Amino acid sequence: MHHPPPDFEPRVYTPQRIAAVVATLASDGIPAAQALAGSELDEAALRAPGTRVSYAQTVTVLRNALALARNPTVALRAGARMHLTAYGMWGYALQSSPTFSALIEFAITYRRAIGPLADMHHDPARAPGTCSFEVLVSPDPRDPLYRFALAFTFAAHLTLARDLYGDGFGFTGLRLACPAPEHGAGVWEAWFQCPVQFGQPDNALQFDEAWCTRAPRLHDPLTHAMASESCQQFMAGLAHAGGIAAAVRRKLVEQMPWRFPSIESMARTLALEPRTLRRRLATHGTTYRSILNEVRLRLAIEYLRKTRMTTEEIAERLGYSEAANFRHAFVRWTGTSPHAYRLACAPC
């Protein structure tokens, strides 16, 4: 099942992630104004309780951090600042979960409510002590932003788990699809105190299955139900806040594979005139072709990394009349050919 990527434009999320990155850079002597450049935010906005941010603003700050950072631990240290209280009602729901299974189910079901950098998955039947992650802010494991997002996410989850279960909690291993950084690969094992493998088929954190039998220290069913209801309401509003760009992404994913409708067909599906759809997408700073290419790229990367489909089969599935057209498009998107990309992402 394909899940559409989040709409990057709506400003509906709290700014804690941005604030954590800015504070970490500030501790290294980098002014907040530089960290926030291009995001339309300032320090005062990060402190204001009513401030809401978009994925686009978050990505701007993360890319600023990549350009400004002088220390390879910036993403790890920023993620470690994300304590339970940073997540609002979502955090309260986790803290009050009556069981571990309820905690994990809630965390996954309502994860998009917190504007995560990566989606989380858990299969209790096959691997109860493993949670896998799909990066949302970049589809390319070789993009430095992809590794930054994972570093932040894994460090944040360690902090969160220790807030819930105590300082005795730890990971037993980490897997990352991205290649090891040129400098600082050993920093990861030193930070997490467990084996860390880069260039893997997926992203995952592993922990002792014994934790699956323990409820959070402050579990309370009534509080959990109240917090869950609040998150349900937010998610319902988020579906409307996503706007027309999100609606187009959802419809494209629903109609995959094989069918990639024209803008005229998509407009009919959305009960709009084509010119109205173009105008409304333009207000979000995007076009139908851009969204279609984004979805195609994400699927192409998924097929290249996770299946043995040939380039010709992928091209057909993505709606290209000829494999050569797909190859040209993929080179334009990523700077490399599908074949070279698959080789580069193959596990060592």
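In the predicted model examined here, the lining of the largest cavity is made up, by class, of 16 nonpolar residues and one polar residue, with no charged residue. The space in this largest cavity comes to about 230 Å³, and the count of cavities of 30 Å³ or more is three. Of the 17 residues that line the largest cavity, Leu103, Ile104, His157, Ala161 and Leu164 are the closest to its centre. Two or more lining residues are given by each of helix H6 (88-95), helix H7 (100-109), helix H8 (144-165) and strand S5, and H8 contributes the largest share of this lining, five residues.

The second largest cavity holds about 100 Å³ of space and is lined by 13 residues, among which Arg17, Tyr87, Arg111, Ala156 and His157 lie nearest its centre. Here, too, the largest share of the lining comes from H8, again with five residues. The composition of this second lining is nine nonpolar, two polar and two charged residues, whereas no charged residue occurs in the lining of the largest cavity. His157 is listed among the residues closest to the centre of the largest cavity and also among those nearest the centre of the second largest.

Helix H6, one of the elements that give two or more residues to the lining of the largest cavity, has Trp90, Gly91, Ala93 and Leu94 as its buried residues. These four cover an arc of only 160° around the axis, and they are therefore placed on the same side of H6. Such an arrangement may be read against the general geometry of the α-helix, in which there are 3.6 residues a turn, so that residues three or four places apart point the same way.

A comparable division is found in helix H13 (residues 274-283), where the buried residues are Thr276, Leu277 and Leu281. Because these residues cover an arc of only 130° around the axis, they fall on the same side of H13. Arg275, Arg279 and Thr283, by contrast, are exposed on the other side of the helix. The packing partners of the buried residues of H13 are three helices, namely H11 (243-254), H12 (263-269) and H14 (288-306).

The strands of the model include five that form an open sheet of mixed pairing, in the order S1-S2-S5-S3-S4. S1 and strand S4 (196-197) stand at the edges and have a single partner strand each, so that one side of each is left without a neighbour in the sheet. In general, the strands of a sheet pair through backbone hydrogen bonds, in either a parallel or an antiparallel manner. Strand S1 (residues 118-122) and strand S2 (residues 130-135) run antiparallel and are joined by five bridges, and within this pair histidine 121 has serine 132 of S2 as its bridge partner. S2 is in turn joined to strand S5 (residues 203-207) by four bridges, and this pair also runs antiparallel. Across the pairing of S2 with S5, phenylalanine 133 stands opposite asparagine 203, while threonine 130 stands opposite glutamine 206. S5 thus takes part in the sheet and also gives two or more residues to the lining of the largest cavity.

Several loop residues were examined individually. Glutamate 40, located in the loop between helix H2 (32-35) and helix H3 (43-47), has a phi near 65°, a positive value in a residue other than glycine. This glutamate is exposed, its relative accessible area being 64%. A positive phi, of about 55°, is likewise found at glutamine 193, which is not a glycine and which lies in the loop between helix H9 (185-192) and S4. With a relative accessibility of 66%, glutamine 193 also counts as exposed.

Serine 262 occupies a place in the loop between H11 and H12, two of the helices against which the buried residues of H13 pack. At 37% relative accessibility this serine counts as partly exposed. Serine 262 is separated from tyrosine 288 by 26 residues in sequence, and the distance between the two in space, taken from C-alpha to C-alpha, is 8.9 Å.

Terms used. Residues numbered from 1 in each chain as written. Predicted model: local features only at pLDDT ≥ 70, side-chain atom pairs only at ≥ 80, totals over all residues. Heavy atoms only, no water. Pairing = 2+ DSSP bridges. Buried < 20%, exposed > 50% of the residue type's maximum accessible area, 1.4 Å probe, protein only. Arc of directions from axis to C-beta. Contact = heavy atoms within 4.5 Å. 1 Å grid on protein atoms, 1.4 Å probe; cavity = no way out; pocket = protein on both sides within 12 Å on 5 of 7 lines; lining within 4 Å. Points joined across faces, edges and corners; volume = space filled by probe spheres on them. Nonpolar A, V, L, I, M, F, W, Y, C, P; charged D, E, K, R; others polar.
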